Every structure is written in structure tokens, then in C-alpha cells.
Amino acid sequence: MLGCCDSIPSFIRTIAPYLPGKPVSELAREMGLNPQHIVKLASNENPSGPSPKALEAIQAALPEITRYPDGNAFDLKAALHKRFSIPTESILLGNGSNEILEMIAQVFLRPGDEAIYSQHAFAVYPLAVQARGATGIEVPAKNYGHDLEGMLTAITQHTKVIFVANPNNPTGTWHTHEAIEAFLHSVPSRIIVVLDEAYEEYLNDTQRSPSLHWYERFPNLIITRTFSKAYGLAGLRVGYGVMHPEIAGWINRIRIPFNVSLLAQIAAIAALDDEVYLTHSRKLNQEGYAQLTQGIIGLSRTLIPSFGNFFCVEVGDAKAVNQGLLHQGIIVRPVANYGLPNHLRVSVGTHDENQRFLDALKVALQ
Ligand SMILES: *Cc1c(COP(=O)(O)O)cnc(C)c1O
């Protein structure tokens, strides 16, 4: 090992790198497949392609990319204010909501501090916690979802941050906003609660979360949302956090000056305004989820009921089944690193992609 790396602290050395979904180009190279014939259902991306309004806005803005973006993202914050009636001082923008999670960890966690999250929760939480030398406390899941009672019980004097993913990725489990609200009432106000709502837009009207306005009652609450999933802009990297203005002010001090790119800001503004696309995305997801559920039942397999644009299906030897799928040009996500060695996580695709997956799964299970 390089001598200059000796001083890297052990909490960095022991980090297991994040395992992203396999890129289409990589599988095409490995298997000698035509990329056009590969189906990627591995990263919970929107299968509809980007919103036409977003595409148009990006095309019009292309000549401007010689300039730095607006570091304070005035127009995007104004658009979020218009859409959700949240004051712009409460909004923090990130290079994906992932960066917001990282910034929260950077500001609130030190060695000796504890952060609580659930078993089978989003892999970025343990990564962000460990990178600050803080201690992650993983609370055993209940029916694959967050055991909110158990998470309250895990609070100690060292607890600084609690991460809650609702719906959760990769299990797709979800708690009603009444349950989340009761949980928030029980958490001491000195502890930051991060409510990660990356899939909120996929919930139906009766399930939608009123959480964007909760920070007034719960000043220790940070909501994170993203343009990567239902808004279809994963490749551009843009997400937002909503929180008490004082917290936004502190976190803004460590934010990289131009963390959200010019095209990302412009596309996000256009996507926010594209109700047709959002409604279509939600509908396509509902239909695809029903199609996939039916198909899985037909193969005598079970899945964990999901509230997102993905689900985990029980397949036995997931490693072997995943290989079988890859050979047929289908990319899904193994979730052994999430403590689910017998499941594969599958993102809901278009009707044709879903059918290709089901046909391939049938073969891979034999
Ligand atoms: C996808 C995802 C995110 C982050 O996505 P970004 O692309 O970084 O905005 C955050 N939380 C959960 C639970 C996710 O699944």
C-alpha cells in the first residue's frame, strides 16, 4: 500500500463500496450482447424516458453551459415554492438527494455519535454515517419494513440522526403519515430525523405525504425528495431537502458552491411543471406493478408488497438466478448486501420490459 495512504482512518478503510446497478454498456461488453436488447430494471429509473418538457428546456439551454449555474438555484427554488408552497429558505438542493444525505451526515455526525437506521434500508445511510467515523445502529426490520417502535427504543444520549425511508428502498415497505407523525412526536427534538421520500410521488392520492409542511412543527425534521425517480431525471443528479430555515442555513455552509448543474436546474423546473408526465409515470407504474405481480404469482413465487416503482421477489438462490437473468440480457439488482440473499430487486419497466423480465425469470428459475 502507498505510504501516503497510511493515515487514512480505519473507519474509511473498512467502508464497503456502494454497489450500483450494472450499466447496460458493461453487460453488453461482458456478454457480447446488443445493448438495444438489454433490459435494465436495476436502478428504479423511470422507464418512460424523460419528460418532453424537460428535454425541450435542456435543448434550449445547451448554449449556456459555458457558464456556471446559479449557485443558489433561485429559479428552481422559486418553482418548488410555487409548486409546494414551501418558503425558499427551507429548501436545500443537492446533486441528487444522495448528496443531501451526505451533507446531513457531514454536519451532524462525528466519531462517538450514533445514527439509527433500519435493517434492509437504503445503503447510503450506513455509508454516509461510516464516512464520518460515527456509529451506525441498525434496528432489525419488522415484516421487511422499519420497526418504528424499535427505532425509538434504540435512541441513546449519543444519537444524533435517525434515517427513515418511506417508502423504503429496496423493500418497498411504507408507513402511513399518521404513523410517521406519531414517531416524530416521540423523538427528542435534539435529534435530527431524516425522512427520505424518494418515492413519494408514486403513492396514490390517499397515501400522499403532507410532510413538506411538518418542519414548522418538527424543527428537527429534514425531508428529502428527488427528481431521479418519478420525475425521470436520474442522469442529471438533482434532489431537494425541505427543513427549518436555520438547518438549511447551517448545511449550506458546507455545500459545494455549484453542486447542482445548470442543465439539472433547468430540467427540474420543467419537470415540476409537467403534470401530464408525472400522472403518466404513476399510471404506468401501477399497471406494470400489477402485471409483474400477476406474473410472479404465476411462477409460484412471492414478492414483498411495494409502494415504490420496484419490488423484491423471493427467488431462492438469488446469485444463480441473477446470473441466469444476465445471460438473457436482463439486469436486476441482487440485494444480498441489504441482508436479503434470497431476493432480487426489480424495477417496474414498460409493459414489454416487464414481460421480457417475466419470461427470462421463468427460464432462470428452472
Ligand atoms: C434513489 C434513492 C435516493 C437518491 O436518489 P438521488 O438520485 O441521489 O436523488 C434516495 N433515497 C432512496 C431511498 C432512494 O431509493
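Leaving aside its neighbours within four places in sequence, which residues is Ile65 in contact with? The answer is Leu262 and Leu263. Before we follow that lead, keep in mind that this is a predicted model.

Let's start with where Ile65 sits. You'll find Ile65 in the loop between helix H3 and helix H4, the latter running over residues 74-84. Ala16 is 49 residues away from Ile65 along the chain, and the C-alpha atoms of the two are separated by 35 Å.

Now for the two leucines that Ile65 touches. Leu262 and Leu263 also turn up on the H10 side of a helix pair, where H10 meets H3. Helix H3 covers residues 52-61 and helix H10 covers residues 262-272. Their axes are 8 Å apart, and the two helices pack at an angle of about 145°. If you're wondering about handedness, the crossing of H3 and H10 is right-handed. On the H3 side, the residues in this contact are Lys53, Ala54, Ala57, Ile58 and Ala61. Across from them, H10 brings in Leu262, Leu263, Ile266, Ala267, Ala270 and Ala271. Sorted by type, the contact of H3 with H10 has 10 nonpolar residues, no polar ones and one charged.

Next up is the ligand. Around it you'll see Gly96, Ser97, Asn98, Phe122, Asn169, Asp196, Ala198, Tyr199, Thr226, Ser228, Lys229 and Arg237. That shell splits into three nonpolar, six polar and three charged residues. Three of its members place a polar side-chain atom by an oxygen atom of the ligand, as listed here.

| Residue | Distance from its polar side-chain atom to a ligand oxygen atom |
|---|---|
| Asn169 | 2.7 Å |
| Tyr199 | 2.6 Å |
| Ser228 | 2.5 Å |

How much of the ligand does the protein bury? Taken alone, the ligand exposes 390 Å², and the protein buries 93% of that.

Asn169 deserves a second look, this time for its backbone. The peptide bond from Asn169 to Pro170 is cis, with omega near 15°. Pro170 belongs to the loop between strand S5 and helix H8. Pro167 lies in the loop between S5 (159-165) and H8 (177-186) as well. The peptide bond leading into Pro167 from Asn166 is also cis, with omega near -5°. For background, most peptide bonds are trans.

One more backbone detail is worth a stop. Which sign does phi have at Ser85, positive or negative? Ser85 has a positive phi of about 55°, although this residue is not a glycine. Most residues other than glycine have a negative phi. To find Ser85, look in the loop that links H4 to strand S2, which spans 91-94.

Methods: Residues are numbered from 1 along each chain as its sequence is written. This is a predicted model: local features need pLDDT of at least 70, side-chain atom pairs count only at pLDDT 80 or more; totals for chains, interfaces and linings use all residues. Side-chain values use heavy atoms; hydrogens and water are left out. A residue is near a molecule or strand if one of its heavy atoms lies within 4 Å of it. A polar contact is a pair of N or O atoms within 3.5 Å; within protein, one must be able to donate a hydrogen and the other to accept it, and residues adjacent in sequence count only if both atoms are side-chain atoms. Accessible areas come from the Shrake-Rupley method with a 1.4 Å probe; for residues, only the protein chains shown count as cover. Ala, Val, Leu, Ile, Met, Phe, Trp, Tyr, Cys and Pro count as nonpolar, Asp, Glu, Lys and Arg as charged, and the others, Gly among them, as polar. Axes are lines fitted to C-alpha atoms, for helices over the stretch in contact, and angles run from 0 to 180 degrees between N-to-C directions. Helices (H or I, at least four residues) and strands (E, at least two) are DSSP runs, numbered from the N terminus. A crossing is left-handed if the near helix is turned anticlockwise from the far one by less than a right angle, and right-handed if clockwise. Contact means heavy atoms within 4.5 Å.
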